[in-house]
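Here is my notebook from an afternoon with this model. I kept the entries short, and you are welcome to follow along.

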Amino acid sequence: MSGDPTTRDTSQSTALSHLTRSPAGILLTLLTLICAALWFFPIYWALITSLRSDQATVQEFGLLPTEPTLSGYIFSIVNSELPIWYLNSTITSVSVTVLVVFMSACTGFAISQLRFPGRMLLWWTILASFMVPITALIVNHFIIIAGVGLLNTHIGMILPMLLSPVTVIVYKQFFDGLPKEFREAAVMDGATELQVFLRVFLPMNWGVTTALAIITFIGAWNSFLWPFLVAQDEKMMTVTVGVSAVQDAYGVAYGRVLAGAVLASLPVALAYLFFQRRVTQAITLSAGIKG
Amino acid sequence: MLRNRRSDLVVAYLLTAPFILIYAWLFVWPVIQMVMLTFTDAPLIGAGKSVGLANYTRMFKDPIFFKAIWNTSYFVLLTVIPGTAVALGIALMVSRLGGWLQSAVLAAFFLPYILPVTVVYVIWDWLTNVQFGMLQSVLEWVTGRPVNLWRAIPWFMPSVAVITIWWTNGFSILLFLAGLRNIPKDLYEAAALDGATRWQMFSRITWPLIWPITVLCLTIQLILQLKIFDQVYLFATGGRTQATMVLVQYIYEQAFQKNSSGYAATIALALFVIVVVFSVLQFQLLRIRGQK
């Protein structure tokens, strides 16, 4: 490549500036901002409503609450099972995240770097499971989990959520992309394969691991159908399932319902806002394109 | 040397054992069990007796099964292409911006994607509430009277589709943005020097170069939306669910409400086959493109 990057940047900005600085460009930016505001409006409206009293939700339609109150939040924390649901969600999502990431890293490394009988069979099974709808297996998952007496337990909830072929595929491809010299050098120094994996390969991709962990956590926190089937009494529900349960119970008391909804989405929203770049990375990686 | 090789094998099996156990138990076995169940009249819990192909003949004569196929296809039609087009539009708008403004605008468009489906449900249930919903004023302006979207059959699927696009579009937007970033800036620069218009730049540079990502988004969306359940189930609660039945919902209903997992497994197998056919088509499509 010729020329240093800085000069190329300036020439580009002069050549393209008429497109961004022109009246049409400003108009387009304005349009973008309006679209973004409209797109975000449902979330904004939910936040505002959650700060209104039951009375105010059906009487006020202003963009800001006249008398903001936390009564909806206090109500849903004190008068519903929300704290227990939170605990259930945390236990299952954290366990699923740790187990999925750990098992996928191990499996991805083995398939990528080691040669063992059954390796290709394993790889094809993973690719196959990536293509089939896991949702179609819910009835059988229910029968199997009921068969071992794990319905209505955390373990029963966690187990089927461990099927995550994409994470293995991403790890395998990542390990494939690393130069073979790393492994050879470590083996020459007398390291065992296990040491190579733990000391050389894993530390080299903390970025990928964090990205996959965050997206797995968000997915587990948000999953609905399976936790909804497994949790047979209210005390075993996750927050995601619980939110729709209070919706049925409270009817039109939308202030409370939405306060619960805000609390339910808080962990995933924060995870996204703090790790925006990692979430983007995880999504582009899982779709198989380089970001 | 030989000892070393054997210890490598031990490590390989040690590393893959937990994964293989889980996969054998919760993927391979359920697939086999599902196929076996389709030949029985098993209830949800407990064994059934063999009924041959009765479940299949029943399925091909079942109007609700075809209703579910139709509704699922209708939903796919309403979400996949429109959703991908909207995502491309948004990505084009966002990619023009820079710095903190881009991050903020992208966050506004992406945030819905990370919300739990039940939260999406309560947010929109409130917005569309017949008495107090914010959107009813818009609807009233269009139709002249408030509409209960979730009880009026013609409104149901399009409304769920709009909400689904709002909810899941963040994924496609990110893929398009990554694709747009990979287009070399020099191309636009050269085009600008040649006096190309904005439309020419889009149709001659952006569109052909972004096409592979478009195909990727379309197929990912297609396979995702064929499995629609959560939103339809939540919004249809208390309504006439048969009219808005989708495939996964029918599996759920047969197994958990009608206690007939033999028939549920047959419908599940149908969904299974449909998705696998589309996945294989996608795979072939990508391979053909890769060979060119």
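**Entry: Leu127(B)**

I started by asking what Leu127(B) is in contact with, leaving aside its neighbours within four places in sequence. My list has Pro42(A) and Trp45(A) from chain A, and Gly133(B), Met134(B) and Leu135(B) from chain B. Leu127(B) sits in helix α5 of chain B, which covers residues 117-127. Is Leu127(B) buried or exposed? I noted it as buried, because it has 21 C-beta neighbours inside 10 Å and the cut-off for buried is 20 or more. I should say here that this is a predicted model, so I looked up its confidence next.

**Entry: confidence**

The predictor gives the complex an ipTM of 0.90 and a pTM of 0.90. Chain B has an average pLDDT of 90, and 96% of its residues score at least 70. Within chain B, I found the lowest confidence in α12(B), with a mean of 83, and the highest in helix α2 (residues 54-60), at 96.

For chain A the average is 86, with 90% of the residues at 70 or above. Which helix of chain A has the lowest confidence? It is helix α1 (residues 5-20) of chain A, with a mean of 45, while α8(A) has the highest, at 97. I also wrote down that the pLDDT is below 50 over residues 1-15 of chain A. In the model this stretch has seven contacts beyond near neighbours in sequence. A reminder to myself: where pLDDT is low, the predicted coordinates should not be read in detail.

**Entry: where the chains meet**

I then looked at the contact between the chains, which takes 69 residues from chain B and 74 residues from chain A. Which part of chain B gives the largest share of its side? I found helix α1 (residues 2-37) of chain B, with 18 residues. By class, the side of chain B that touches chain A has 56 nonpolar, six polar and seven charged residues.

**Entry: the largest nonpolar core**

How many residues are in the largest nonpolar core? I read 155, and those with the most contacts inside it are Ala261(A), Phe109(B), Ile251(B), Ile267(B) and Ala268(B). Helix α7 (residues 153-181) of chain B gives the most to this core, namely 13 residues. From chain A, the core takes at least three residues from each of domain 1 (5-50) and domain 2 (77-286).

I picked out Ala268(B) for a second look. Setting aside neighbours within four places in sequence, its contacts are Ala136(A), Val139(A), Met34(B) and Ile251(B).

**Entry: the two domains of chain A**

Chain A is divided into domain 1 (5-50) and domain 2 (77-286). I noted 35 Å between the C-alpha centres of these two domains of chain A. Four residues of domain 1 of chain A are in contact with six residues of domain 2 of chain A. On the domain 1 side of chain A, I counted off two nonpolar, two polar and no charged residues.

**Entry: two helices, covered or not**

Helix α12 (residues 206-222) of chain A has 17 residues and reaches 24 Å from its first C-alpha to its last, close to the 24 Å expected. This helix, α12(A), is mostly covered, with 13 of its 17 residues buried.

Helix α6 (residues 136-143) of chain B is hardly covered: of its eight residues, the count of buried ones is zero. Just after α6(B), I found Gly144(B) with a positive phi of about 90°.

**Entry: positive phi**

Most residues other than glycine have a negative phi. I therefore made a note of Asn152(A), which has a positive phi of about 65° although it is not a glycine. Asn152(A) lies in the loop between α7 (138-147) and α8 (154-158) of chain A. It is partly exposed, with 15 other C-beta atoms within 10 Å.

In chain B I noted Asn259(B), with a positive phi near 55°. Its place is the loop between α11 (247-257) and α12 (261-291) of chain B. Asn259(B) counts as partly exposed, because it has 13 C-beta neighbours inside 10 Å.

**Entry: Thr79(B)**

My last stop was Thr79(B), in helix α3 (residues 63-96) of chain B. Thr79(B) is buried, with 24 other C-beta atoms within 10 Å. Which residues does Thr79(B) contact, apart from its neighbours within four places in sequence? I listed Ala161(B), Thr164(B), Ile165(B), Gln221(B) and Gln225(B). I also noted Asn169(B): it is 90 residues from Thr79(B) along the chain, and their C-alpha atoms are separated by 9.9 Å.

Technical notes: Residues are numbered from 1 along each chain as its sequence is written. Chains are lettered from A and ligands numbered from 1 in the order in which they are written. This is a predicted model: local features need pLDDT of at least 70, side-chain atom pairs count only at pLDDT 80 or more; totals for chains, interfaces and linings use all residues. Domain bounds come from an automatic or database domain assignment. Two residues are in contact if their C-beta atoms, placed from the backbone, lie within 7 Å. Ala, Val, Leu, Ile, Met, Phe, Trp, Tyr, Cys and Pro count as nonpolar, Asp, Glu, Lys and Arg as charged, and the others, Gly among them, as polar. A nonpolar core is a set of buried Ala, Val, Leu, Ile, Met, Phe, Trp, Tyr and Cys residues joined through C-beta atoms within 7 Å. A residue is buried if 20 or more other C-beta atoms lie within 10 Å of its own, exposed if 12 or fewer, and partly exposed in between; C-beta atoms are placed from the backbone. Helices (H or I, at least four residues) and strands (E, at least two) are DSSP runs, numbered from the N terminus. The expected span of a helix is 1.5 Å times one less than its number of residues. pLDDT is the predictor's confidence in each residue, from 0 to 100.
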